[in-house]
Amino acid sequence: MEQQSADTRKTTVARIAAVRRDSRRDNQVSGDSPAGPHTGLDDTQTGPLAKVEHVAQYLREVCEIAQALPAGEIEALCDELVGLRERGGRLFILGVGGSAANASHAVNDFRKLCGIEAYAPTDNVSELSARTNDEGWPSVFAEWLRVSRIGARDAILVLSVGGGNLERNVSPNIVAAVKEAKAKNARVLGIVGRDGGYAKQAGDVVVVIPTAAEQRVTPHAEAFQAVVWHCLVSHPKLQRSATKW
C-alpha cells in the first residue's frame, strides 16, 4: 500500500508539472505574462493589476489541481458508494473544522440526490460537546460509530486536510474512527489533502487532493472536497433525483 501511495504521489507531481509547463507555453504563445494576459494599459495604469496577483495565482493553482485529480480513484469511490446503497448500508461522513461543515453539506446531497442513508456526527452538537467534555475529543467519532452499531454493510467517508496523524496529534478522532470502522469491517473511504495521513494509509478508497502550494493546502483541500463529492452526487451511476437548477 505504501508503494502504491508513493507511485500515486509521483504521478500527481508529474501531472502538476505538466500542467505548469503547458501553462507557461500557452502564455508564451499568446503573449501573456505570468501574472495574466496583456491588457493594453500603459505603465501608469498597471498599478491595480498587482492587487489581483494573489487571485490570479490562486486560480492557477485551482486549475493545476483540477487537472491532476485522480479520476480513476474518484470513479472507484463512486463504485464503492453504489455498492453501499445496493447492500442497504449507511454512510457516516466525518470531518472537523471546515471539513465538518462540508460533511453536513455532503450528507444532504447524498441523502437527497442519491438516496443513500447518510449521517454526520458533527451535526449533533449536543452529543459531540457532551462526549468531548466527559470523555475527550479523540474518541468522539469512534464512540458515535459504536452507538450507531457500524457494521460490514456500512462505510465512513473521511473529509480531512491531513487525514489524521497520531504522532503529530492531528485529528486523533479521525484516526480512532478509522480504526473502529476497520475493526467492524466497514469500508473506509475518504477525500483528503497532503499525503492523506492515516486515512490514506488504512483506508480502502481514499482520494488525495494534489498539493499545488504548501501554504494553501487547507483552502484547496477543503474546496476540492466539495468538487469531488459534487462530482459523485451528479454521477449517472449515483444520482437518482434531479437538482432544481
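1. V207 is found in strand β5, which covers residues 205–208, and this is a predicted model, as a reader new to the structure should keep in mind. With a relative accessibility of 0%, V207 counts as buried. Although V207 and I74 are 133 residues apart in sequence, their C-alpha atoms are 6.6 Å apart in space, and this pair of positions is a useful place to begin when comparing the sequence with the fold.

2. A second pair of positions can be read in the same way. A177 has its place in helix α8, made up of residues 172–183, and at 0% relative accessibility A177 counts as buried. Between the C-alpha atoms of A177 and I156 the separation is 8.4 Å, while along the chain these two residues are 21 residues apart.

3. Just ahead of that helix in the numbering comes a point about the backbone. S171 is found in the loop between β3, residues 155–160, and α8, and its phi is near 45°, which is a positive value in a residue other than glycine. The relative accessibility of S171 is 15%, so that S171 counts as buried, the cut-off for this class being under 20%.

4. Another residue with a positive phi is R194, where the angle is about 50° although the residue is not a glycine. R194 is found in the loop between β4, residues 187–192, and α9, residues 197–202. Is R194 buried, partly exposed or exposed? With a relative accessible area of 38%, R194 is partly exposed, whereas S171 in its own loop counts as buried.

5. Turning to the aromatic side chains, the structure holds three aromatic pairs. In one of them, the ring centres of F92 and Y119 lie 6.0 Å apart and the ring planes meet at 25°, so this pair is stacked, the cut-off for stacking being under 30 degrees. F92 belongs to strand β1, residues 90–94, and Y119 to strand β2, residues 117–119, so the contact ties together parts that are 27 residues apart in sequence. The two partners are not equally covered: F92, at 1% relative accessibility, counts as buried, while Y119, with a relative accessible area of 30%, is partly exposed.

6. F92 also takes part in a pair with W144, in which the ring centres are 5.6 Å apart and the planes stand at 80°, so that the pair is edge-to-face, planes over 60 degrees apart being placed in that class. This pair links distant parts of the chain, since F92 is in strand β1 and W144 is in helix α7, residues 140–147, with their positions 52 residues apart in the numbering. Both F92 and W144 are buried. Taken together, F92, Y119 and W144 form one aromatic cluster.

7. Two charged side chains should be viewed along with the rings. R111 lies over the face of Y119, at 5.4 Å from the ring centre, and Y119 is also the residue that is stacked with F92. Elsewhere, the charged end of K179 sits over the ring of Y198, at a distance of 5.8 Å from its centre.

8. How many disulfides does a search of the whole structure find? The search finds zero. C78 is in no disulfide, and the nearest cysteine sulfur to it, that of C231, is 7.7 Å away; at 0% relative accessibility, C78 counts as buried. C114 is likewise in no disulfide, and here the nearest cysteine sulfur is that of C78, 8.3 Å away. C114 also has a relative accessibility of 0% and counts as buried. The cut-off for a disulfide is a pair of cysteine sulfur atoms within 2.5 Å, and the distances of 7.7 Å for C78 and 8.3 Å for C114 can be set against that value.

9. As a last point, the structure holds one cavity of 30 Å³ or more, and the largest cavity has a volume of about 30 Å³. Which residues line the largest cavity? Its lining is made by I209, P210, T211, A212, R216, V217, H220 and A221. Sorted by class, this lining has five nonpolar residues, two polar residues and one charged residue.

Note on methods
Residues are numbered from 1 along each chain as its sequence is written. This is a predicted model: local features need pLDDT of at least 70, side-chain atom pairs count only at pLDDT 80 or more; totals for chains, interfaces and linings use all residues. Side-chain values use heavy atoms; hydrogens and water are left out. Rings of Phe, Tyr and Trp (its six-membered ring) pair if their centres lie within 6.5 Å; planes under 30 degrees apart count as stacked, over 60 as edge-to-face and the rest as tilted. Helices (H or I, at least four residues) and strands (E, at least two) are DSSP runs, numbered from the N terminus. Buried means under 20% relative accessible area, exposed over 50%, partly exposed in between (1.4 Å probe, protein chains only). A charge sits over a ring if NZ of Lys or CZ of Arg is within 6 Å of the ring centre and within 35 degrees of the ring normal. On a 1 Å grid over the protein atoms alone, a cavity is a set of points where a 1.4 Å probe fits but cannot get out, and a pocket is an open set with protein on both sides within 12 Å along at least five of seven lines; lining residues have an atom within 4 Å of a point. Grid points are joined across faces, edges and corners, and a volume is the space filled by probe spheres set on the points. Ala, Val, Leu, Ile, Met, Phe, Trp, Tyr, Cys and Pro count as nonpolar, Asp, Glu, Lys and Arg as charged, and the others, Gly among them, as polar.
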